[in-house]
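Got your viewer open and a selection box ready? Let's take a walk through this structure, one stop at a time.

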Amino acid sequence: MQMQALMPMRPRFAELLSRQWLKPLSFRAFSSSSDYSNQSRGGLPRFFSEVLPSSKGGVVRLQGDEFWHMTKVLRLSTDDRVELFNGKGGLVEGCIQRIDRTGLDFLAVEDPKLILPKTTKWHVFAAFGTLKGGRADWLVEKCTELGAHSVTPLLTERSPSISENRVERFQRVILAATKQCQRLDEMILNPPTKVNGLLPIVAKSKLSFLAAAEAAPVVSVLASSRNETSGLIMVGPEGDFTEREVALIMEAGATAVGLGPLRLRVETATMALLATLTLWSDAQQLSNA
């Protein structure tokens, strides 16, 4: 069943979209760190848990998919060292203390750490709701791996809906990609928004880029741009934005950028722009350090 752009979300769909992927956790007992340098270098197997031990010696129970992955897929056993993360920057090293038929007990061997990313928070708005054949899954997965802070399905005149049953799948894709790339902060999947709902967000943002055919090359635009703590990326649907939509977004304050002479698919354009902006903002921060 398709969700029409002008119809309110069904309660079930709204619940899924508004549901926090991860429950909030107090970090008062956590040591704080901004060192992201070793985050992607591998090391101990890392697993997700909404709840982390509050201090060294604390124990939490793991069940469900993560328990299955640890014991049935990776064949981990008692005393094996692993890490737990909660998607909010929390990370703790420990070991498997006990395993039974329904789950396992994780014992923290150090105090939890709170590791805060220093990169620019890129918010992606892409009209991918009607993509077929796993292309939307791929877009969400790669946005996670490239460090996007959030992804919002954009409803446009040429992409007016998104299937209800895709949301839970997107959440599973995000969690799997988060573990694979070893990022510690969650990528947020926002409810779909229409172009009119996007305009106030663009107006408040100091850094917002709209992928548009025949616009100035993105690299040229970035040469005169200043880095900010957050920014917006907007990519239209198959067939692109309408002229009216482009005009509205530009009037709200977005900067149009070109991605080369070829016509790109939604997911390709999103990855090209996100990767370019991520590398640019990282370089800006290093040069200013």
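First stop: helix 7, residues 243-252. Before you click around, keep in mind that this is a predicted model. Select Glu-245, Ile-249 and Ala-252, the buried residues of this helix. Why do they lie on the same side of helix 7? Look along the axis: these residues cover an arc of only 60 degrees around it, which puts them on one and the same side. It helps to recall that an α-helix has 3.6 residues a turn, so residues three or four places apart point the same way.

Now rotate to the other side of helix 7 and pick out Glu-243 and Glu-251, which are exposed there. What do the buried residues of helix 7 pack against? Show helix 5 (195-204), strand 14 (208-211) and strand 15 (230-235), and you have the partners. Before you leave, step just past the end of helix 7 to Gly-253, where phi is positive, at about 125 degrees.

**Next stop: a set of paired strands**

Select strand 7, residues 104-108. Is this strand mostly covered or mostly open? Mostly covered: four of its five residues are buried. Bring in strand 4 (residues 59-62), which runs antiparallel to strand 7 and is joined to it by four bridges. To see one such pairing, click Val-59 and then its bridge partner in strand 7, Leu-107.

Now add strand 6, residues 90-99. Strand 6 also pairs with strand 7 in the antiparallel sense, over five bridges. Two pairs to highlight here are Arg-98, standing opposite Asp-105, and Gly-94, whose bridge partner is Ala-108. Follow the backbone from strand 6 into strand 7 and you go round a hairpin with four residues in the link.

Keep strand 6 selected and add strand 5, residues 81-85. Five bridges hold this antiparallel pair together, and Arg-81 stands opposite Cys-95 in strand 6. The hairpin of strand 5 and strand 6 has four residues between the strands, and in it Gly-87 takes a positive phi near 80 degrees. One more strand to add: strand 8 (residues 113-115) pairs antiparallel with strand 6 over two bridges. Click Leu-91 and then Lys-113 in strand 8 to see a pair of bridge partners.

**Third stop: charged pairs**

As background, side chains of opposite charge can pair when their charged atoms come close. How many salt bridges does the structure hold? There are 15, and we'll visit a few of them.

Show the side chains of Asp-100 and Arg-61, which meet in a salt bridge at 2.7 Å, N to O. This pair links distant parts of the chain: Asp-100 is in the loop between strand 6 and strand 7, while Arg-61 is in strand 4, 39 residues apart. Asp-100 counts as partly exposed, at 25% relative accessibility. Arg-61 is partly exposed too, with a relative accessible area of 30%.

Stay on Arg-61 and add Asp-105, since these two also meet in a salt bridge, at 3.2 Å, N to O. Arg-61 lies in strand 4 and Asp-105 in strand 7, so the pair ties together parts that are 44 residues apart in sequence. Is Asp-105 buried or exposed? Asp-105 is buried, because its relative accessible area is 11% and buried means under 20%.

Now go back to Arg-81, which forms a salt bridge with Glu-93, the closest N and O atoms being 2.6 Å apart. Arg-81 lies in strand 5 and Glu-93 in strand 6, so this pair ties together parts 12 residues apart in sequence. Arg-81 is partly exposed, with a relative accessible area of 41%. To finish this stop, select Arg-61, Arg-98, Asp-100 and Asp-105 together: salt bridges that share partners join them into one network.

**Last stop: the nonpolar core**

Head for the largest nonpolar core, which has 34 residues; Phe-128 and Cys-143 have the most contacts inside it. Several elements each supply at least two of its residues, among them strand 9 (121-126), helix 3 (135-145) and helix 4 (167-181). Which element gives the largest share of this core? Color helix 8: seven residues come from there.

Finally, zoom in on Phe-128. Leaving aside neighbours within four places in sequence, its contacts include Ala-136, Leu-139, Val-140, Phe-170 and Val-266. Switch on those side chains around Phe-128, and have a good look around.

Technical notes. Residues numbered from 1 in each chain as written. Predicted model: local features only at pLDDT ≥ 70, side-chain atom pairs only at ≥ 80, totals over all residues. Heavy atoms only, no water. Buried < 20%, exposed > 50% of the residue type's maximum accessible area, 1.4 Å probe, protein only. Arc of directions from axis to C-beta. Contact = heavy atoms within 4.5 Å. Pairing = 2+ DSSP bridges. Core = buried A, V, L, I, M, F, W, Y, C linked by side-chain atoms within 4.5 Å. Salt bridge = Lys/Arg side-chain N within 4 Å of Asp/Glu carboxyl O.
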